[in-house]
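User: I'm new to protein structures and would like a close look at one turn and the strands around it. Could you walk me through that part and how it connects to the rest?
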Amino acid sequence: MVSLRFPFLFSQPIRPSVISYATTSRSFSAATVVVCTVAAGAAAFSGVAAIQNPTNTRDSFLQTALNFLLPNHSSLPWGSLSLADASPALVESKTGVSFPSVVSESRRLLGIGLRRKSVLGLKNIDVYAFGVYADDDQVKNVLGEKYGKLSISELKENKEFKEDLMELDIFITVRLQIVYSRLSIRSVRSAFEESVGSRLQKFGGPDNKELLQRFTSQFKDEYKIPRGSVIELSREKGHVLRTTIDGKEAGSVQSKVLCRSILDLYIGEDPFDRQAKENIESKLASLLQN
Ligand SMILES: CCCCCCCCCCCC(=O)O
């Protein structure tokens, strides 16, 4: 069934800290007006950009808006209003879950989505919202030379590009934020057994029981998973899959096929949220354009 829900909203076009710095002195009152005008202008630009193309053009529109409204903004007394400062979090519209624009210092948000699951074949519940992040410099370094000359639409059709993204040593984090309030750690383990287990069979053959067990055993009974809990699954250097639960280290497993299996749930052939996958691919493709 085709879903018409708008995939996400942008929030906080300019971080409040930038504005409050400018308002600490009376002599900055004119500057405050300018900053507010810039914020409003940038918000308007980014809103239009978001509607036209939610993931590709937002940063460049913000930059254009800032440059147009305040050409010398980088030499003003409060410092540079860089895009890193203005980079907005994204809010998943159905659940209201907000995703930070950067995790692990350098991994930037590529797109967000929603994992729904059918319970007893009767109804679908919203289990968690997710965000996919990658280190954009690394994406450019590893994939830029091979794919930098292709257009966004060519890249989105390019199977080898997607294959390389899955297989190469690029740091990627998938952040899951639980929205279902009655989740036990046991159901988290069995959901992973089902979803990751089927991918391990697909990519690694039938002999991966021990690997799956090593991964799922990280979700120990002592963890509580109330609504709002955050699970991060990160592909680190050398195809190490690192798991954290609410910021605490749950464990690491070195396995290329396990890393691939996790990514496949979100950006593979049969993803949990197809619209999210398309947005993520567009964003990745746009990173290689400049
Ligand atoms: C009642 C539904 C229980 C579903 C729990 C899913 C929790 C996290 C599982 C992550 C992997 C997946 O989405 O399959």
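Analyst: Start at the turn: β5 and β6 form a hairpin with three residues between them. (Strands are DSSP E runs of at least two residues and helices are H or I runs of at least four, numbered from the N terminus.) Leu-120 sits in this turn, and its phi is positive, about 50 degrees. To find the spot, look at the loop between β5 (107–119) and β6 (123–135); residues are numbered from 1 along each chain as its sequence is written. This is a predicted model, where local features need pLDDT of at least 70 and side-chain atom pairs pLDDT 80 or more, while totals for chains, interfaces and linings use all residues, and side-chain values use heavy atoms, without hydrogens or water.

Is Leu-120 buried or exposed? Leu-120 is exposed, because its relative accessibility is 76% (buried is under 20%, exposed over 50%, partly exposed in between, with a 1.4 Å probe and protein chains only). Leu-120 also belongs to a nonpolar surface patch with Val-119 and Leu-122, and together they offer about 350 Å² of accessible area. (Patch members have over 30% relative accessible area and no salt bridge; nonpolar side chains are joined within 5 Å, like charges within 9 Å. Areas are Shrake-Rupley, 1.4 Å probe.)

Now follow the two arms of the hairpin. They run antiparallel, and 12 bridges join β5 to β6 (pairing takes at least two DSSP bridges). Along the way, Arg-116 stands opposite Asp-126 in β6.

Next door to Arg-116, so to speak, Lys-117 makes a salt bridge with Glu-194, with 3.6 Å between the closest N and O atoms (the rule is a Lys or Arg side-chain nitrogen within 4 Å of an Asp or Glu carboxyl oxygen). That contact links distant parts of the chain, since Lys-117 is in strand β5 and Glu-194 in helix α8, 77 residues apart. Glu-194 is exposed at 53% relative accessibility, while Lys-117 is partly exposed at 24%.

Let's go to the other end of β5. β4 and β5 form a hairpin too, again with three residues between them, and Ser-104 in that turn has a positive phi of about 50 degrees. The two strands pair in the antiparallel sense over two bridges. One matched couple is Val-103 and its bridge partner in β5, Arg-107.

Zoom out, and you'll see where these strands belong. Seven strands make an open, antiparallel sheet in the order β4-β5-β6-β7-β8-β9-β10. Because β4 (102–103) and β10 (248–254) stand at the edges with a single partner strand each, one side of each has no neighbour in the sheet. Further along the order, six bridges join β7 (residues 172–178) to β8 (residues 230–236), also antiparallel. There, Val-174 has Leu-233 in β8 as its bridge partner. In a regular strand, side chains alternate between the two faces of the sheet.

How many salt bridges turn up in the whole structure? The search finds 20. One of them joins Glu-281 and Lys-277 at 3.3 Å, N to O. These two are about one helical turn apart, because four residues separate them in helix α11 (residues 274–287). Both Glu-281 and Lys-277 are buried. Finally, back to Arg-107: salt bridges with shared partners join Arg-107, Glu-236, Arg-242 and Glu-249 into one network.
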